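Please open the model in your viewer, with the sequence shown beside it, and follow the stops below in order. At each stop you will be told what to select and what can be found there.

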Amino acid sequence: MTNEEVNTGRRRFLTASTAVVGAVGVGFAAVPFIKSWSPSARARFAGAPVTQDISALADGQQLVVAWRGQPVYIAKRTKEMLAVLPQMDALVADPKSDASEQPAYAKNENRSIKPEILVLVGVCTHLGCAPELYAEIKPEPFDPNWKGGYFCPCHKSRYDIAGRVLKSMPAPLNLPVPPYYFADDNTVVIGVDQKGAA
Ligand code: FES
């Protein structure tokens, strides 16, 4: 079973989301037979860390992996995308993420360990839909001044390319950052930090 998909745009992103939902569905369906699961499958469903190879991830692309039954987005940002973030400080509701959820090592201007790699829980802080990545800096139907980021199709919350929610949106908080670390340059471990804390 594949828990992840590489995608370059919205259409492929939807495919990836479907893959994640499918994986979760299998998990729930299999609960009555949990004794037949391998120990690793059981641990994974309960929330064990997920290791993901990101070597195929190109600039502006995003991977979606399932962790604790939720989608986790791993996006690769360009220098242009990162350069926009200081300009967004005045437009977002919680610029320093003081009220939002992230490990201390991701509470910084990029909300990440490595500036270019963004790791977010893909669950809208309004009512839990999956925000969609619109990576390009160009006018979008929902925002003529779009600077790249995430758009939630359920009630139109907009987030910047660090997952920070814009002011006056239905969503109250930034997208959470899960615990994670880099096992090496091309391997991200989601669900636990370098010291092993979940
Ligand atoms: S669930 Fe995202 S805006 Fe309502």
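Before the first selection, one definition is needed: two strands are taken to pair if DSSP finds at least two bridges between them. Please also keep in mind that this is a predicted model.

**The whole chain**

Begin with the protein chain as a whole, coloured by secondary structure, where you will find 3 helices and 10 strands. Read along the sequence, these elements follow the pattern β-α-α-β-β-β-α-β-β-β-β-β-β. The protein chain has 198 residues, of which 35% are buried. If one takes the contacts between residues at least 6 apart in sequence, 57% of them join residues at least 24 apart.

**The sheet E6-E7-E8**

Now select strands E6, E7 and E8, which form an open sheet in that order, with antiparallel pairing. Strand E6, residues 132-134, and strand E8, residues 158-160, are the edge strands, and because each has a single partner strand, one side of each is left without a neighbour in the sheet. From one strand to the next, the twist averages 30°.

Narrow the selection to E6 and E7, the latter covering residues 149-151, and you have two antiparallel strands joined by 3 bridges. Which residue of E7 is the bridge partner of Leu133? It is Tyr150, so labelled in your viewer if residue names are switched on.

**Two loop residues with positive phi**

Most residues other than glycine have a negative phi. With that in mind, move to the loop between E7 and E8, where Lys156 has its place. The phi of Lys156 is near 70°, a positive value in a residue other than glycine. Is Lys156 buried or partly exposed? Lys156 is partly exposed, because 13 other C-beta atoms lie within 10 Å, and the class of partly exposed residues falls between the limits of 12 or fewer for exposed and 20 or more for buried.

Continue along the chain to the loop between E8 and strand E9, residues 180-184, and select Ser168 there. Ser168 also is not a glycine, and its phi is positive at about 60°. Ser168 counts as exposed, because it has 9 C-beta neighbours inside 10 Å.

**Ala99 and its surroundings**

Next, select Ala99, which lies in the loop between H3 and E5. Ala99 counts as exposed, because it has 10 C-beta neighbours inside 10 Å. Leaving out residues up to four places away in sequence, Ala99 touches Asp94 and Leu173. Add Pro172 to the selection and draw a distance from C-alpha to C-alpha: Ala99 and Pro172 are 73 residues apart in sequence and 9.4 Å apart in space.

**The sheet E2-E10-E9**

Clear the selection and show strands E2, E10 and E9, which make an open sheet of 3 strands in that order, with antiparallel pairing. Strand E2, residues 50-53, and E9 stand at the edges, and since each has a single partner strand, one side of each is left without a neighbour in the sheet. On average, and with direction ignored, neighbouring strands of this sheet are turned by 25° against each other.

Look at E2 and E10, which pair in the antiparallel sense over 4 bridges. Here Val50 stands opposite Ile190 in E10, and the bridge partner of Gln52 in E10 is Val188. With side chains displayed, E2 shows an alternation, in which Val50 and Gln52 point to one face and are buried, while Thr51 and Asp53 point to the other and are not.

Turn then to E9 and E10, which are likewise paired in the antiparallel sense, over 4 bridges. Phe182 stands opposite Val188 in E10, and a hairpin through 2 residues joins E9 to E10.

**The largest nonpolar core**

For the last stop, select Val65, Val72, Ile74, Val119, Leu120 and Ile190, which touch the most other members among the 35 residues of the largest nonpolar core. Elements that give two or more residues to this core are strand E3 (62-67), strand E4 (70-76), helix H3 (79-88), strand E5 (117-121), E6 and strand E10 (187-190). Which element provides the largest share of this core? The largest share comes from E3, with 5 residues.

Definitions and conventions:
Residues are numbered from 1 along each chain as its sequence is written. This is a predicted model: local features need pLDDT of at least 70, side-chain atom pairs count only at pLDDT 80 or more; totals for chains, interfaces and linings use all residues. Axes are lines fitted to C-alpha atoms, for helices over the stretch in contact, and angles run from 0 to 180 degrees between N-to-C directions. A nonpolar core is a set of buried Ala, Val, Leu, Ile, Met, Phe, Trp, Tyr and Cys residues joined through C-beta atoms within 7 Å. Two residues are in contact if their C-beta atoms, placed from the backbone, lie within 7 Å.
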